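Student: Please take a close look at the charged side-chain contacts in this model, and say how exposed the residues involved are.

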Amino acid sequence: MNLRSRLFISSSALVTVALVGLLLGMFSVLQLTQVQSQAMTRNLQIIDASLGLRQELGKQVSLLLAENLDREALKISDQQFNYWLQRAAESATDESDHQTIAEVERSYATFDDLLANPTNVRSELLNNDRFGSAIDDLRNRLNALQSRYIDAVELEEVRTRERAWLIAGLIGLIGLAVLVIGFVTANSIAQRFGRPIEALAQAADQIGQGDFQVTLPLTPVAEISALSQRFGLMAESLREFKNSDMAALQAEQRRLQAVLDSIDDGLLIFDCAGRVEHVNPVAQRQLDWGQEQLGQTLDVALQRADLADQVRHILQGANIDETLPDLQVQIDGENRLLAYSLSGVSHSEGRLMCAVMVLRDVTEQRAFERVRSEFVLRASHELRTPVTGMLMAFSLLQERVQFAAESRETDLLNTVDEEMHRLLKLINDLLNFSRYQNGLQTLELSACALEPLLLQTQQRFSGQAAELMVGLECEVHNELPDIQIDRLQIERVLDNLIANALRHCPLGGQIRLQARHQDQRVVLSVADNGDGIPYSQQTRIFEPFVQISRKKGGAGLGLALCKEIVQLHGGQIGVHSRVGQGAQFYVALPV
């Protein structure tokens, strides 16, 4: 028998017993009510008739004793007495009732004989005992009749109460039977269906924990037996899939391990708590680490609380915008410099899984850059003096040599003058850039109002912009606070950005010099609608000696010098651009 049939039969049996008990109780109550109503009606009718008889008897006695004998009223009372006597006889149902009423009727017959000669009764009332005896006998019969039926009413009430208790007990027994059947049914369902389902739930928990060696229940219920069989097949399929998937996962993990261990840079992987989870061989050599550093945070492994804070910052989903300084470590008594970067690894749902630190040994690179910077600084310093002398001498020569305005000699002189000025500007840029890179440049900070600074910058380039038919606008979006900056250096940054925008802006183009107060920073920007910068080249645009455009310009030191000036102020410089949609350079300075 299947599960549906079992549940249907059990529920139907329970409902049937409850319904039969309810119907039986209703029928018993209705029958009890009907019997009690009939008995009470009969008894009350006879009692009512006896009261009528007593009333008519009293009326007849009163008429006999009255001063004037009213024969008509006496006759009517006699008829009314017979009427009540007939009513009592009609209400009687058993032989004893008929016998009692017959005795009353016989006693009244004796009394009625006396009433036939009311004059004689009135004259002999004091001397005739037959009349008194008849009245007493009739009154006693009536009293006996009333007492009998009052006792019958009380007896019927007792019987009714007993029947009510009997019906209540019967209904209670039926309710108890329903309760017992319900408990038996529930226990049967729990035993037959509950335990196998609980066993399947435990098996599901084991499978969820990766244990596929589960014990499945045996049950005579067809549906649960089929479910158990399918559950077993599913567990077997999952076990096979896990074995095959685990093998593939282990192979993929080995390949990934090989890739991570073969890269030239050091690699550290941190778990969600900021502890070191993996170190590749390159990082072990760079940091002189072993296996004991695994599971430690960087404030313990490297004694660098700032690095541990940066890792936690990344694991919280934030980004590190500032330029990270080199990490200095000592390996075998030798100081090494490691450049590093931090990034988070996110799950497909967006949840951070871990953080990754990439280390690169830049000791030789930093030494070369230091030597190069010192060479550029000394060379530019040594070159500026003779070039300046040559430019002054050439200016004196130009004043004394006179050629026609359109002669070949005049073109050559102008070309030499222009190139010498370019050479002097290049040397100055090299000297300034080297000073910033070597930390020789200092800032003269003072409170500066930015809006007048921007308006003056606009005025300096308004003539050049008009010659190139380029619109130059200045926009201040909200009230700007005064900030501590080196005014001359920030002017140099704005001049370089606007000069670049003019060089790359087409005829009839537009340049916007903007400023806004955002959070705890003031953002200055220069936007144009020129050719734009490819995304792949935007990361190199602030490197020294890098030129993206083929248009005539400097040596590629302008933006690199701007970056050094802004970073020395504690700010940040960047670019937003798309090819064909212009470029926007922004400078964010702290308030």
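Tutor: Arg275 is partly exposed, with a relative accessible area of 36%. Its salt-bridge partner is Asp271, and the closest N and O atoms of the two lie 3.3 Å apart. Asp271, by contrast, is buried, at a relative accessible area of 15%. The model is predicted, and eight salt bridges are found in the structure. As background, side chains of opposite charge can pair when their charged atoms come close.

Another of these contacts joins Arg312 to Asp309, with 2.3 Å from N to O. Both residues sit in helix α9 (residues 305–315), three residues apart, so about one helical turn separates them. Arg312 is partly exposed at 36% relative accessibility, and Asp309 is partly exposed as well, at 41%.

Arg336 and Glu334 also meet through their side chains, in a salt bridge of 2.8 Å from N to O. Here the arginine is the buried partner: Arg336 has a relative accessibility of 15%, under the 20% limit for buried. Glu334 is partly exposed, with a relative accessible area of 42%. This pair does not stand alone, as Glu334, Arg336 and Asp361 are linked in a network of salt bridges.

Burial therefore falls on the acidic residue in one pair, where Asp271 is buried at 15%, and on the basic residue in another, where Arg336 is buried at 15%. In the helix α9 pair, Arg312 counts as partly exposed, and so does Asp309.

Definitions and conventions
Residues numbered from 1 in each chain as written. Predicted model: local features only at pLDDT ≥ 70, side-chain atom pairs only at ≥ 80, totals over all residues. Heavy atoms only, no water. Salt bridge = Lys/Arg side-chain N within 4 Å of Asp/Glu carboxyl O. Buried < 20%, exposed > 50% of the residue type's maximum accessible area, 1.4 Å probe, protein only. Helix = DSSP H or I, 4+ residues; strand = E, 2+ residues; numbered from the N terminus.
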